[in-house]
Protein chains: 2
Amino acid sequence: MRDTTPARRFTDTIYEQFARIGKAIASPRRLELLDLLSQGPRTVDALARLAAQSLANTSQHLQVLRAARLVDADKEGLYVTYRLADSEVARFFQTLRQLAESRLAEIEQTKRAFLERRGLMEPVDREALLERVRSGKVTVLDVRPVEEYRAGHIPRAVSIPLTDLKHRLAEIPRNREVVAYCRGPYCVMAIDAVELLRARGFKAVRLEDGVQEWRARGFEVAVGDRAA
Amino acid sequence: MRDTTPARRFTDTIYEQFARIGKAIASPRRLELLDLLSQGPRTVDALARLAAQSLANTSQHLQVLRAARLVDADKEGLYVTYRLADSEVARFFQTLRQLAESRLAEIEQTKRAFLERRGLMEPVDREALLERVRSGKVTVLDVRPVEEYRAGHIPRAVSIPLTDLKHRLAEIPRNREVVAYCRGPYCVMAIDAVELLRARGFKAVRLEDGVQEWRARGFEVAVGDRAA
DNA sequence: CTATTAGTCAATTTATTACTTGATTATGCG
DNA sequence: CGCATAATCAAGTAATAAATTGACTAATAG
């Protein structure tokens, strides 16, 4: 059926190359790994834990991503650290996410169903919320692991990882509204945080954006530990 | 191994949705179809011929693309016409292509090897060439099928489909340089055209850009048949 | 040297995907 | 009506991919 002229072979080769990227992102597991890596470099072990995957499986998926040149790895001692190969990869991932959100109604449905079951589907005026965050009128809480906070966070945000939150409530002023954020719209840590905070009497809301989205809005990102 | 907390199920569902898009673009054949469709709507039959695929296979691939909401179809009489679901899809495809080009050195190699074998790997000053095209100092030749020309072309370009070129050389002024273009950097029609023109004594060069790229540079695109 | 840990490799099973072939449906035409 | 054509469907085979398991390698600590 197929012809084998040089021109056909050329186009076939080209589209096969494009498909290498496509195949790399054709697996939900690998997309999760890419999403985690877009928060910063990680060891195989850490990624496996975060994605709730076996170590061997995670390692194999990472090798697929590496074969497609989407991630790089380097070994230091016992640990192999993977990172996105280029910031262009993060941007591509964002584009994929946007396309999926706009084309696949199922995503919005899933999100809505999940939030409703947790009683957190209140309407939030995103712009107004962002303005409050930027103005410093609210306590901004970054509930991701500390390493991710260090790699980049919303300016003036306080780092209290979700795992520690229960024991560190005293650090949060009670007279101000709390805005919690984590890795982005599909990360559940900030949802858990808001739930916990409300149960303890705080006025708390969730910011869907993560650092990526914050940066994409053109806002500045702070790096390292909090000064003073 | 995997846990089944509601939060985990939520993230899994979300990444599965993202992966729908990934799976859709994981096949070279489907990417070729998307590329063809980004030139304009097409019937299944036309797509099958252009992609050198069996009709049944093409139809099945198109259905996969439709299931991922990347394309839409509607039936008029005997014919089913497929089109990109949204301009966002075309933009996503461009992003994929750019990422592939920048991450996968094999693409540049393949391109170079193909052009060298045909003796067309001369260095072209792209900016200068674009300027000549824009100024009207050269004869611009659109060698794609007429329908694609009608759907959008570089202003002042003349439509002579590659298949007709041999018989319509008389329409091309001999005293001016000819710049031929087709669907973009991976389409071989303009290459064939330049080869033919040179063999017949024309001064001809290829413009790698297609209409998509032209538009992406911020230049205007003309529609319909040539006025006057 | 031995034990431990992070990561990879190799082999296997299972599930999914690609493509072909031939039948089937739907539309339009004489 | 009968026939041709565009497209899809359905069934089958071959090829790929995903996840698990257990073995293996490399670095490090005692």
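This passage describes two surfaces in a predicted model, the contact between chains A and B and the protein surface near DNA strand D.

The size of an interface is often given as the accessible area lost when the parts come together. Between chain A and chain B this buried area is about 5,500 Å², and carbon and sulfur atoms give 68% of it. Chain A and chain B each bring 59 residues to the contact. Eight salt bridges are counted between the two chains. One of them is formed by the side chains of A:R103 and B:D86, with an N to O distance of 3.8 Å. In addition, 16 residue pairs are in polar contact between chain A and chain B. On the side of chain A that touches chain B, at least two residues come from each of α1 (6-24), α2 (28-37), α5 (87-103) and α6 (105-117). The most, 17 residues, are given by α1(A). By type, this side of chain A has 30 nonpolar, 18 charged and 11 polar residues.

DNA strand D is surrounded by 24 residues, of which A:R29, A:H61, B:D45, B:S59 and B:Q63 come nearest. Of the strand D atoms within 4 Å of the protein, 70% belong to sugar and phosphate. Phosphate oxygens of strand D lie 2.6 Å from a side-chain N or O atom of B:Q63, 2.9 Å from a polar backbone atom of B:V80 and 3.3 Å from a polar backbone atom of B:V44. Two or more residues of this surface come from each of α2 and α4 (55-67) of chain A, and α3 (44-50), α4 (55-67) and β3 (79-84) of chain B. With five residues, α4(B) gives the most. The surface near strand D divides into 10 nonpolar, 10 polar and four charged residues.

Note on methods
Residues numbered from 1 in each chain as written. Chains lettered and ligands numbered in written order. Predicted model: local features only at pLDDT ≥ 70, side-chain atom pairs only at ≥ 80, totals over all residues. Heavy atoms only, no water. Contact = heavy atoms within 4.5 Å. Buried area = accessible area lost by both parts, 1.4 Å probe. Salt bridge = Lys/Arg side-chain N within 4 Å of Asp/Glu carboxyl O. Polar contact = N/O pair within 3.5 Å; in protein donor to acceptor, adjacent residues only side chain to side chain. Helix = DSSP H or I, 4+ residues; strand = E, 2+ residues; numbered from the N terminus. Nonpolar A, V, L, I, M, F, W, Y, C, P; charged D, E, K, R; others polar. Near = heavy atom within 4 Å.
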